[in-house]
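Here's a quick tour of one model, kept to a buried helix, two helix pairs and the surroundings of a ligand. Have the 3D view open while you read.

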Amino acid sequence: DFQHVLVRRESGVLTIVMNRPQVLNAINDLMVQELIEIVEETARDGEIRCVVLTGAGRAFGAGQDLSVFASTPADEYGSAVREHLQAYHRLIMGIQQLPQPVIAAIHGVATGVSLNIALACDLRIAAGDARISEAFARIGLVPDGGGAYFLTRLLGSAKALELALLAEEISGVEAERIGLVNKCVPLSELEKAVSALARRLAAGPTRTYGLIKQLFHASQDQDLVAVLQLEGEFQSRAVKTADHREGVQAFLQKRPPRYSGK
Ligand code: T3D
């Protein structure tokens, strides 16, 4: 049982809910540790075939809990921030390296490191009411939690820098327009849309999805020759999966595939 995170499991989908709604799910030390524990356990759990990350109440998340700084003497700020970042980095890497597809369901405020955690997920579905921002510069900080990495790759450097420097809120609609989220839906439809997508992914060829994720992440920093080499290695692993055999058989038998995730 966790104090600041709710976890639901249904039909192969694990839903992780950041749960401090009174402070818009601002992340404190315990919440980040709980998220790390859940993510690292999920990586080893072959029964989970898709992960959804969201927030309780009216927000996805308002970033680092800033109230901790009120009780931190100024000369201890540096080490406090270093400790926070170590934990955030472990979480970000854990999410990116999950073998299962991960969807962030974003409603209301998504800012600071909470936004960047959403950027580490594979797909983002936002509600129209979303208030998305890289708020860091407003309080004199640089984007952390991989913000510079994810934003420049998703948006290109001009738009990424604009979001980081101006630190203004954009809506879910605008976030979809610029490619920061995959899709924007009305708030009343968010849960249904995310659930349908999660179930669809959970019924897919899970091991191949894991390989696709690894291949695409590795391709970010490699040239074409290296990527072609890598895709050969990954394809030789994909052809050995039961789901590949099932996919081909289903095609030949003109029926929908029944993937086992193996
Ligand atoms: O050491 C390190 O880790 C450094 C790394 C930092 C990483 C970061 O994430 S930096 C960015 C931190 N986040 C922010 O700067 C956002 C701060 N929050 C706001 O600016 C506003 O709350 C919002 C614009 C996001 C939302 O405004 P609004 O008017 O919709 O809600 P509100 O009334 O401001 O917030 C509701 C409550 O949540 C309120 O508490 P109260 O007054 O009802 O007791 C507010 O103080 C609290 N809250 C919101 N964000 C945080 C927070 N409490 C602690 N930390 C927060 N980040």
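What follows goes through the helices and then the ligand shell. Keep in mind that this is a predicted model. The helix to start with is α4, residues 112–120: nine of its nine residues are buried, so the rest of the structure largely encloses it.

**Helix α4 and its surroundings**
- If you want to select the buried residues of α4, they are Gly112, Val113, Ser114, Leu115, Asn116, Ile117, Ala118, Leu119 and Ala120.
- Two helices take part in the packing against those buried residues, α3 (77–96) and α5 (147–155).
- Strands join in too: β4 (102–106), β5 (109–111), β6 (123–127) and β7 (131–133) pack against the buried residues of α4.

**α4 against α5**
- The axes of α4 and α5 sit 9 Å apart, and the two helices pack at an angle of about 55°.
- That angle makes α4 oblique to α5, because it falls outside the ranges for roughly parallel (under 35 degrees) and roughly perpendicular (65 to 115).
- The crossing of this pair, α4 and α5, is left-handed.
- On the α4 side the contact uses Asn116, Leu119 and Ala120, while α5 brings Gly147, Phe150, Leu151 and Leu154.
- Sorted by class, the contact of α4 with α5 holds five nonpolar and two polar residues, with no charged ones.

**α1 against α3**
- Helix α1 (residues 29–43) crosses α3 at roughly 30°, and their axes come within 9 Å.
- α1 and α3 therefore count as roughly parallel to each other, a label used for angles under 35 degrees.
- α1 passes α3 in a left-handed crossing.
- From α1, the residues involved are Val32, Gln33, Leu35, Ile36, Val39, Glu40 and Ala43.
- They meet Ala87, Tyr88, Arg90, Leu91, Gly94 and Ile95 of α3.
- The class split for the contact of α1 with α3 is nine nonpolar, two polar and two charged residues.

**Around the ligand**
- How many residues surround the ligand, and which are the closest? There are 21 in the shell, and the closest are Ala62, Gly63, Gln64, His84 and Gly112.
- Elements giving two or more residues to that shell are α3, β5 and α4.
- The biggest contributor is α3, which gives the most to the shell with three residues.
- By class, the shell around the ligand comes out at 13 nonpolar, six polar and two charged residues.
- Gly112 turns up twice in this briefing: it is one of the buried residues of α4, and it is among the residues closest to the ligand.

Methods. Residues are numbered from 1 along each chain as its sequence is written. This is a predicted model: local features need pLDDT of at least 70, side-chain atom pairs count only at pLDDT 80 or more; totals for chains, interfaces and linings use all residues. A residue is buried if 20 or more other C-beta atoms lie within 10 Å of its own, exposed if 12 or fewer, and partly exposed in between; C-beta atoms are placed from the backbone. Helices (H or I, at least four residues) and strands (E, at least two) are DSSP runs, numbered from the N terminus. Two residues are in contact if their C-beta atoms, placed from the backbone, lie within 7 Å. Axes are lines fitted to C-alpha atoms, for helices over the stretch in contact, and angles run from 0 to 180 degrees between N-to-C directions. Angles under 35 degrees count as roughly parallel, over 145 as roughly antiparallel, 65 to 115 as roughly perpendicular and the rest as oblique. A crossing is left-handed if the near helix is turned anticlockwise from the far one by less than a right angle, and right-handed if clockwise. Ala, Val, Leu, Ile, Met, Phe, Trp, Tyr, Cys and Pro count as nonpolar, Asp, Glu, Lys and Arg as charged, and the others, Gly among them, as polar. A residue is near a molecule or strand if its C-beta atom, placed from the backbone, lies within 6 Å of it.
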